[in-house]
Amino acid sequence: MGYFKTYRIDGATYYIMEALGVGAYLFLGEDRALLSDTGNGYMDIRKSIAKLTDKRLIVMNTHGHADHAGGNAQFQEIYIHPADMPMLDPAWQKSQTSLLFGYAKKAYPIIIPLLLFFKLQKFKKYTPAVKTIADGHKFELGGRTIEVIHFPGHSPGSVILADKRTKTLYVGDAVNHGLFLFFENSPSLKGYQAALRELAKLKGYEKLRVSHGTTEFPFDFIEYYADFLMRVTLEKSVLTDIPNGARPVFKYTEPGGKYSVPEICVHFTRESLEG
Ligand SMILES: [Zn+2]
Ligand SMILES: [Zn+2]
């Protein structure tokens, strides 16, 4: 069993998932391919890509978190929204990696010892040139356009990729069934639900694909999650052991209901609930 597992989403889109539950999307056009996220970077993701395409590759990060940008050093050039550029600072990435690692140790008790056995190989080849993308940026891949939607919240520079042709939004970590909104610069839950309702007004899309997991959500999940956020109370939440400085992280959970996930939850701080 390899560390990466590749899923075919449609004839020209693949999801390359790490054993640690995060994945990268590969969009193929007639002339070029777009890689959205580089993962944790513990193993060589380029080998998985080479099996799928030999087209010229454009590489981007949906946001700067270390489980999405950790493999940037395997590439010569990456695109990211400017608001998340500070996160590419090597010292910040390193601190995030150890934080994520502590979290992953509990969630993946078998894989982490294996990674340690392989000495946590970080495949560093380049110091990539960083290019910025703004809201509305279009990646032209030849017969296929992938458009960038800036959707701050999970991080200031989080972006969503819109694929009109397949009526799919690739939402990164910006929308999912286990949203993290406990960071220093996270918006209030109220503010985020308002932003989600705006996003839900987009026309022409039917489904969502997230970065963590293979679940496909119907487009109405955006509105559902906005409603869900309004039901969060501190009383109905539990305190988690996620290390977050002086600001404890709470988790509010509801059953997955009609969506094919066991539960729907949000991780937040007192500040993000009251703000
Ligand atoms: Zn993230
Ligand atoms: Zn993530």
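**Overall fold and strand pairing**

The protein chain contains seven helices and 17 strands, as seen in a predicted model. The C-alpha trace of the protein chain spans about 55 × 45 × 35 Å along its principal axes. A compact globule of 275 residues would be expected to have a radius of gyration near 19 Å, and the value of 18 Å found for the protein chain therefore agrees with that expectation. Of the 275 residues, 41% count as buried. Where contacts in the protein chain link residues at least 6 apart in sequence, 60% of these contacts join residues that are at least 24 apart.

Strand E17, which comprises residues 263-268, is largely enclosed by the rest of the structure, because five of its six residues are buried. Two pairings of E17 were examined. Strand E12 (residues 178-181) is joined to E17 by four bridges, and E12 and E17 run parallel. Within this pairing, Phe-180 stands opposite His-267 of E17, while the bridge partner of Leu-181 in E17 is Phe-268. Strand E16 (residues 250-255), by contrast, runs antiparallel to E17 and is joined to E17 by six bridges. His-267 of E17 also stands opposite Lys-251, so that the bridges of His-267 involve Phe-180 as well as Lys-251.

The side chains of E12 alternate along the strand: Leu-179 and Leu-181 point to one face and are buried, whereas Gly-178 and Phe-180 point to the other face and are not buried. The two residues of E12 named above as partners of E17 thus differ in their surroundings, Leu-181 being buried and Phe-180 not.

An open sheet is formed by six strands in the order E8-E9-E10-E11-E13-E14, and the pairing within this sheet is mixed. Strand E8 (138-140) and strand E14 (216-218) stand at the edges, and each has a single partner strand, so that one side of each is left without a neighbour in the sheet. From one strand to the next, the twist averages 25°. Within the order of the sheet, E10 is followed by E11; strand E10 (residues 159-163) and strand E11 (residues 168-172) run antiparallel and are joined by three bridges. In this pairing, Asp-163 stands opposite Thr-168 of E11.

Conventions. Residues are numbered from 1 along each chain as its sequence is written. Chains are lettered from A and ligands numbered from 1 in the order in which they are written. This is a predicted model: local features need pLDDT of at least 70, side-chain atom pairs count only at pLDDT 80 or more; totals for chains, interfaces and linings use all residues. A residue is buried if 20 or more other C-beta atoms lie within 10 Å of its own, exposed if 12 or fewer, and partly exposed in between; C-beta atoms are placed from the backbone. Two strands pair if DSSP finds at least two bridges between them. The radius of gyration is taken over C-alpha atoms; the globule rule is 2.2 Å times the number of residues to the power 0.38. Two residues are in contact if their C-beta atoms, placed from the backbone, lie within 7 Å. Axes are lines fitted to C-alpha atoms, for helices over the stretch in contact, and angles run from 0 to 180 degrees between N-to-C directions.
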